[in-house]
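Subject: Structure handover and notes

Dear colleague,

Please find below the structure I promised to hand over, together with its sequence. My notes on what was found in it follow directly underneath.

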Amino acid sequence: MPATVVVGTQWGDEGKGKFTDLVAKEMQLVVRYQGGHNAGHTLVVDGETFALQLVPSGILYDHITPVIGNGVVVDPRVLIAEMDTLAAKGVDTSRLRVSGNAHLILPYHQEIDKVSERYLGRNKIGTTKRGIGPAYADKAARVGLRVQDLLDPKIFTEKLQVVLKEKNALLAKVYNQLPVDLDSILAEYLDVCRPRIEPLIADTVNLVHDALEAGQQVLLEGAQATFLDLDHGTYPYVTSSNPVAGGACVGAGIGPRHIDRVIGIAKAYVTRVGAGPFPTELFDEIGDHLVDVGHEYGTNTGRRRRTGWFDAVMLRHAVRLNSLSEVALTKLDVLDDLDTVKVCVAYELDGERFTHLPYHQSVVHKVTPIYEELPGWKTDLSGITERKDLPRQAEDYIAFLEAQLGVPIGLVGVGPGREQFLHFAA
Ligand code: IMP
């Protein structure tokens with residue numbers, strides 16, 4: 001059976017958790033393929049809110065095996081805390097599996113994430129300070145520790161001793177920080193975490209392939225989003241992994257021929273946390289309104305998100321980068337009170353018009369968005385469960401976006417609850 005990818009198409013926080021949860025219902029395996037606990041997926045089930053960081057969305061369904069793939073970076077302390085929170089809410093986490101090849105986040109990664117941001121000063125990226133970038137950097141530098149190293153205390157200790165020499169020299173001599181203590185890491189990771197993580201460690205690549213061969217449905221769950229992608233995002237204001245659909249192949253260990261559906265999640269407007277270019281950013285009361293109504297504060301860090309109008313230029317690029325087969329539109333209800341809604345259909349700079357994202361970042365920083373303005377619907381959409389009940393203006397907004405993107409919009413979210421969405425397939 002082929003696999004499905006769910007990917008964010010903007011700068012994250014598109015509400016992927018809700019639609020991933022919906023799509024996951026039909027699946028047997030849900031695999032997270034990149035990122036770490038910089039992600040924050042919120043699900044509202046029967047009025048109860050579940051905020052997931054590392055655990056894949058399918059955890060709330062008994063029939064699903066949630067898998068943390070090799071492409072993820074794992075802080076085992078966070079994973080255990082998250083499993084305990086879920087267990088306290090009555091969720092069975094025993095089906096969770098973690099790739100032995102996934103890399104570990106260690107305390108010095110977090111330290112370096114914090115202090116290196118300080119060094120960047122006004123050029124800082126605005127990371128989540130969870131140690132994500134430094135952990136991926138160590139993976140690429142081939143000095144990372146992996147989840148499988150937890151299984152062998154001798155190997156774990158030896159690797160840590162070697163790497164700590166360099167990390168402590170860096171922390172002390174470059175960043176003027178206290179060194180990180182070997183024994184306390186060993187106590188935390190081997191004595192406390194290891195017994196809890198060991199039963200979950202698995203050969204997840206073969207797990208996924210066995211499932212595919214047995215005709216099961218596999219969902220590959222992306223975190224962050226297309227324009228935070230290390231290769232394709234607004235570098236350096238990006239995360240250190242590949243959220244784009246292609247990253248799913250690497251981060252889960254499957255070839256592209258196994259994927260036949262790629263669902264891009266897009267918010268009905270745009271938000272961004274952290275620094276970096278944002279052509280349609282709003283600095284007026286409409287921007288504040290989107291923050292207030294859309295509760296645009298980070299699930300993880302509590303930071304206020306920057307807000308702006310829907311950007312079809314970005315989205316067209318996301319369609320290409322991910323081979324999107326469809327788009328799921330979220331938070332349409334947040335636009336309910338607006339008299340008019342704008343969509344950016346092109347950018348302009350020095351008389352040149354761009355309908356696709358310019359590759360040169362300086363251009364992206366300077367462009368002026370060209371907007372089409374559409375009438376608002378001034379109707380509370382949150383209770384609407386069928387497409388036929390949507391006001392004409394909301395239908396027109398969605399049709400306009402579809403025409404701009406060239407792919408169908410299959411699902412439309414009209415509120416945070418699990419049931420607050422409309423099937424929109426033609
Ligand atoms: P890092 O992933 O913590 O290294 O942060 C790099 C950039 O990605 C920063 O601008 C973060 O705000 C952003 N970022 C990381 N994870 C998320 C997410 O889940 N949603 C939105 N932005 C994120």
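Strand 15 is covered on both of its faces, with Glu326, Ala328 and Thr330 buried on one side and Val327 and Leu329 buried on the other. Please keep in mind while reading that this is a predicted model, and that every statement here is computed from it. Five of the five residues of this strand, which spans residues 326-330, are buried, and it is therefore largely enclosed by the rest of the structure. On one side, strand 15 is joined by five bridges to strand 11 (residues 259-267), the two running parallel, and in this pairing Ile265 stands opposite Ala328. Strand 15 is also joined to strand 19 (residues 409-413), again in parallel, through three bridges, with Val327 standing opposite Ile409.

These strands belong to an open sheet of ten strands, whose order is 9-7-5-2-10-1-11-15-19-20 and whose pairing is mixed. Its edges are formed by strand 9 (201-202) and strand 20 (421-423), each of which pairs on one side only.

Elsewhere in the sheet, strand 10 (residues 218-221) is joined to strand 1 (residues 3-8) by four bridges in the parallel sense; Val5 stands opposite Leu220, and Thr4 has Leu219 as its bridge partner. Strand 10 also pairs with strand 2 (residues 29-32), in parallel and over four bridges, and there Arg32 stands opposite Glu221. As with strand 15, both faces of strand 10 are covered, with Val218 and Leu220 buried on one side and Leu219 and Glu221 buried on the other.

Turning to the helices, helix 10 (residues 312-322) has eight of its eleven residues buried, so it is largely enclosed by the rest of the structure. The buried residues are Ala312, Val313, Met314, Leu315, Arg316, Ala318, Val319 and Asn322, a list that includes a charged side chain, that of Arg316. The N-terminal end of helix 10 is capped by Asp311, which has a side-chain oxygen 3.0 Å from the backbone nitrogen of Val313, while just after the helix Ser323 takes a positive phi of about 50°.

In helix 1, nine of the nine residues are buried, and this helix is therefore largely enclosed by the rest of the structure; among them are Lys18, Phe19, Asp21 and Leu22. Lys16, which lies in helix 1 (residues 16-24), deserves a separate look. Is Lys16 buried or exposed? Its relative accessibility is 4%, and because buried means under 20%, Lys16 counts as buried. Its side chain makes a polar contact of 3.1 Å with the side chain of Glu14. Leaving aside neighbours within four places in sequence, Lys16 is in contact with Val7, Gly8, His41, Gly222, Ala223, Gln224 and Ile265, and its C-alpha atom is separated by 9.3 Å from that of Lys267, although the two residues are 251 apart along the chain.

A second residue for which the accessibility was examined is Thr204, which lies in helix 7 (residues 204-213). At 3% relative accessibility Thr204 likewise counts as buried, and its contacts, again without the neighbours within four places in sequence, are Val67, Ile68, Gly69, Asn70, Val98 and Ser99.

The ligand is probably the part you will want to inspect yourself. It is surrounded by 16 residues, of which Asp13, Asn38, Thr128, Thr239 and Arg303 are the closest, and this shell divides into six nonpolar, eight polar and two charged residues. As for individual polar approaches, a polar side-chain atom of Arg303 lies 2.9 Å from an oxygen atom of the ligand, a polar backbone atom of Val273 is 3.2 Å from a ligand oxygen, and an N or O atom in the side chain of Gln224 is 3.3 Å from a ligand nitrogen. Taken alone, the ligand exposes 470 Å², and the protein buries 96% of that area. Gln224 thus appears twice in these notes, in the ligand's surroundings and among the contacts of Lys16.

With best regards

Key: Residues are numbered from 1 along each chain as its sequence is written. This is a predicted model: local features need pLDDT of at least 70, side-chain atom pairs count only at pLDDT 80 or more; totals for chains, interfaces and linings use all residues. Side-chain values use heavy atoms; hydrogens and water are left out. A residue is near a molecule or strand if one of its heavy atoms lies within 4 Å of it. A polar contact is a pair of N or O atoms within 3.5 Å; within protein, one must be able to donate a hydrogen and the other to accept it, and residues adjacent in sequence count only if both atoms are side-chain atoms. Accessible areas come from the Shrake-Rupley method with a 1.4 Å probe; for residues, only the protein chains shown count as cover. Buried means under 20% relative accessible area, exposed over 50%, partly exposed in between (1.4 Å probe, protein chains only). Two strands pair if DSSP finds at least two bridges between them. Contact means heavy atoms within 4.5 Å.
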